[in-house]
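Please open the model in your viewer and keep the sequence panel beside it, since each stop on this tour begins with something to select.

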Amino acid sequence: MIEEILEYNRKFVQDENYKAYVTSKYPDKKLAILSCMDTRLTELLPAAMGLKNGDVKIIKNAGGVISNPFGSVVRSLLIAIFELGVETILVVGHTDCGVQHMDSKAMIGHMKERGISQESLDMMGYCGIDFERWLRGFDDVDTSVRETVDLLRNHPLIPDDIQVGGFVIDTVTGELMPVSEK
Ligand SMILES: [Zn+2]
């Protein structure tokens, strides 16, 4: 797989196909999006929202969640706001998300099958990590997006003039559905 990509890449650069993508690091729409790493959203999400290269900072992880209010997602958003001029943050969950109803016990079982030792798993506990909670998915995507929006709106390091909105995108049609406020 890696060889295949490198081969494609050499031709991409040689043919100057990059010229269609040249832009700056500053997001033209002053927008940041937190969303899920789901493969169906790779092209659908920007296409359905009318976004192109250079418009937006997109931060993705499994579920589009913030598992730590001072972790890497919020750090990225702070850089986007204070250094790159972002004024609007959208949290975009999606239908049929793999993280919904994800069972941490089942995943720990899969880890053991792949040779991760019980000793390693126990060590997580000694390091102060609630392993099962860390791996657990969410029950309902609307609630997850609403809670994430709420966390960002009340985050002590995010200025009050930053607009934060929440949506669920249809994984097939790309329709954006606003998440109702609490
Ligand atoms: Zn997902």
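## Starting at a helix

Begin with the model, which is a predicted one, by selecting helix α2 and looking at the face turned away from its buried side, where you will find the exposed residues Glu-43 and Ala-47. Next, add Leu-41, Leu-45 and Pro-46 to the selection, which are the buried residues in this helix, α2, running over residues 41–48. If you then turn the view until you look down the axis of α2, the buried residues fall within an arc of 110°, and so they line one face of the helix. The reasoning behind such a pattern is general: an α-helix has 3.6 residues a turn, so residues three or four places apart point the same way.

## The zinc ion

Now select the zinc ion and ask which atoms coordinate it. They are SG of Cys-36, NE2 of His-94 and SG of Cys-97, at 2.0 to 2.2 Å. Along the sequence, these donor residues follow the spacing C-x57-H-x2-C. The two cysteines link distant parts of the chain, for Cys-36 sits in strand β1 (residues 31–36), whereas Cys-97 sits in the loop between β3 (88–94) and α4 (104–113), 61 residues apart.

While both cysteines are selected, consider whether they are buried or exposed. Residues under 20% relative accessible area count as buried; Cys-36, with 4%, is therefore buried, and Cys-97, at 5%, is buried as well.

## Two domains

For the next stop, colour residues 28–102 together with 137–182 as domain 1, and residues 104–135 as domain 2. The C-alpha centres of domain 1 and domain 2 lie 28 Å apart.

## The largest pocket

Finally, select Val-65, Ile-66, Ser-67, Trp-134 and Arg-136, which lie nearest the centre of the largest pocket among the 27 residues that line it. The space in this pocket comes to about 1,000 Å³. Keep the domain colours on, because the lining of the largest pocket draws at least three residues from each of domain 1 and domain 2.

Which helix gives the most to this lining? Select α7 (141–153), which is one of the helices that supply at least two residues each, together with α3 (72–82) and α6 (131–135); α7 gives the most, with five residues. If you colour the lining of the largest pocket by class, you should find 12 nonpolar, nine polar and six charged residues.

How values were computed
Residues numbered from 1 in each chain as written. Predicted model: local features only at pLDDT ≥ 70, side-chain atom pairs only at ≥ 80, totals over all residues. Heavy atoms only, no water. Domains from an automatic or database assignment. 1 Å grid on protein atoms, 1.4 Å probe; cavity = no way out; pocket = protein on both sides within 12 Å on 5 of 7 lines; lining within 4 Å. Points joined across faces, edges and corners; volume = space filled by probe spheres on them. Helix = DSSP H or I, 4+ residues; strand = E, 2+ residues; numbered from the N terminus. Nonpolar A, V, L, I, M, F, W, Y, C, P; charged D, E, K, R; others polar. Donors = N, O, S within 2.8 Å, 3.2 Å for Na, K, Ca; no water. Buried < 20%, exposed > 50% of the residue type's maximum accessible area, 1.4 Å probe, protein only. Arc of directions from axis to C-beta.
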